[in-house]
Amino acid sequence: MSHSSNPAVSVVIPSHDYGRYLPQALESVLAQTFGDWELVIVDDGSTDDSADVARSLIARHPDRRIRLLEQANAGVSAARNTGIAASTGRYILPLDADDVIAPTMLEKTTAVLDSDPAITIASTDVFAFTDDDLPPQVLPLPAYSRELLLQRLIMFYCSLYRREAWEAVGGYNEDMRAGEDWDFWIGCAEKGFDAYHIHEPLFGARNKDTGLHLEAAENDLAIRARIVANHPALFKPVSRDWAHVVLHQDADVCQRDERVPDDILTRAAEMDQFLQAVMALQRTARVQYHHIQRLEKALKARTAGTSPAGPPAQDRELAPASMP
């Protein structure tokens with residue numbers, strides 16, 4: 001099917017060895033209530049069947065504007081830049097191959113940008129989900145604030161933004177292997193672009209066994225040092241000096257608390273508290289979910305007149321009382 005006009009939104013999905021997740025990401029785009037979109041899938045040098053999965057999905061939806069680009073492995077920043085450069089929409093939505101978006105994500109975020117030319121980015125709350133049927137957990141995020149953005153990541157990478165922001169910033173920094181989205185948002189703020197936060201969980205982040213943003217958390221100070229170096233005008237001279245030493249001299253020494261500037265250390269502590277809260281929420285929900293599963297199994301066994309082997313005795317005693 002031919003399309004004579006450019007779409008409003010370009011959804012860009014990089015995939016590196018995530019062929020098993022790609023169908024779910026694509027289905028979430030196909031389910032959108034807003035239909036004026038194109039999808040650019042970038043196979044970033046995968047060693048699995050990502051490219052074959054993408055081609056199969058494209059063949060099954062010939063009436064949709066879906067394309068596959070293939071490149072040698074260069075990292076998520078380069079893959080996003082490749083996809084965005086090849087896309088034509090006036091709005092950009094990055095979506096990783098292992099994540100999903102809610103059906104109204106594009107409808108509600110495009111409405112924000114369409115209604116207010118002064119707004120460049122539309123972000124949303126997040127729901128974290130897992131591969132073991134754990135109920136999704138909503139992660140509310142604060143309203144947009146430029147100052148708060150310098151303190152911690154308050155917008156996830158999957159936010160809708162105007163193409164001119166990507167052009168003005170120069171795309172995602174391909175030298176950054178982690179924290180590239182935070183660096184990009186700070187670059188947008190540095191260029192004077194404003195954002196608006198929708199307090200609804202419209203983006204779904206898959207929380208795998210390694211935990212949400214675990215790599216970024218483990219390398220938080222090094223990421224902060226690079227961000228300071230990338231955007232020196234936004235930070236104090238003492239922070240710029242510290243970042244230079246971290247990146248070019250003795251990183252281990254300069255990441256000890258007593259050597260970190262107060263403003264960086266305070267921001268790092270806030271980020272650590274946020275990530276700990278996310279992980280605690282996930283752990284609590286997982287325990288509760290599996291406890292409920294055991295209770296339901298015990299109740300079914302009792303109703304059938306058999307004795308369940310799995311749940312402990314105290315769970316079997318509680319099972320009837322847990323029902324309304």
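## Cysteines

A search of the whole structure finds 0 disulfides, and this statement, like everything that follows, refers to a predicted model. A disulfide is a covalent bond between the sulfur atoms of two cysteines. Among the cysteines of the chain, C158 has a relative accessibility of 2% and therefore counts as buried, the cut-off being under 20%. C188 is likewise buried, with a relative accessibility of 0%.

## The chain as a whole

The chain contains 13 helices and 9 strands. Of its 324 residues, 50% are buried. Among the contacts in the chain with a separation of 6 or more, 77% are between residues 24 or more positions apart.

## Helix 1 and its surroundings

Helix 1 spans residues 22-30, and its axis comes within 10 Å of that of helix 2, residues 50-60, with the two crossing at roughly 35 degrees. The crossing of these two helices is right-handed. On the side of helix 1 the contact is made by L22, P23 and L26, while helix 2 contributes S50, V53, A54 and L57. Sorted by character, the residues of this contact comprise 6 nonpolar and 1 polar, with no charged residue.

The buried residues of helix 1 are L22, A25, L26, S28, V29 and L30, so that L22 and L26 belong both to this buried set and to the contact with helix 2. The partners against which the buried residues of helix 1 pack are strand 1 (9-15), strand 2 (37-44), helix 2, strand 3 (66-71) and strand 5 (100-101).

## H61, after helix 2

H61 lies in the loop that runs between helix 2 and strand 3. With a relative accessibility of 17%, H61 counts as buried, because the cut-off is under 20%. When neighbours within four places in sequence are left aside, H61 is in contact with L26, E27, L30 and I66. Of these partners, L26 and L30 are among the buried residues of helix 1.

## Helices 9 and 10

The axes of helix 9 (residues 220-230) and helix 10 (residues 237-248) come within 8 Å of each other and cross at roughly 120 degrees. Helix 9 and helix 10 are therefore oblique to each other, since an angle of 65 to 115 degrees would be needed for roughly perpendicular and one over 145 for roughly antiparallel. The crossing in which helix 9 passes helix 10 is left-handed.

From helix 9 the contact draws on L221, A222, A225, R226, V228 and A229, and from helix 10 on S239, R240, W242, A243, V246 and L247. These residues divide into 9 nonpolar, 1 polar and 2 charged.

## K191, after helix 7

K191 is found in the loop between helix 7 (180-190) and strand 9 (194-206). The relative accessible area of K191 is 52%, and K191 is therefore exposed, the cut-off being over 50%. Residues up to four places away in sequence not being counted, K191 touches A168 and V169. K191 and V169 are 22 residues apart in sequence, yet their C-alpha atoms are 7.2 Å apart in space.

How values were computed
Residues are numbered from 1 along each chain as its sequence is written. This is a predicted model: local features need pLDDT of at least 70, side-chain atom pairs count only at pLDDT 80 or more; totals for chains, interfaces and linings use all residues. Side-chain values use heavy atoms; hydrogens and water are left out. Axes are lines fitted to C-alpha atoms, for helices over the stretch in contact, and angles run from 0 to 180 degrees between N-to-C directions. Helices (H or I, at least four residues) and strands (E, at least two) are DSSP runs, numbered from the N terminus. Angles under 35 degrees count as roughly parallel, over 145 as roughly antiparallel, 65 to 115 as roughly perpendicular and the rest as oblique. A crossing is left-handed if the near helix is turned anticlockwise from the far one by less than a right angle, and right-handed if clockwise. Contact means heavy atoms within 4.5 Å. Ala, Val, Leu, Ile, Met, Phe, Trp, Tyr, Cys and Pro count as nonpolar, Asp, Glu, Lys and Arg as charged, and the others, Gly among them, as polar. Buried means under 20% relative accessible area, exposed over 50%, partly exposed in between (1.4 Å probe, protein chains only). A disulfide is a pair of cysteine sulfur atoms within 2.5 Å.
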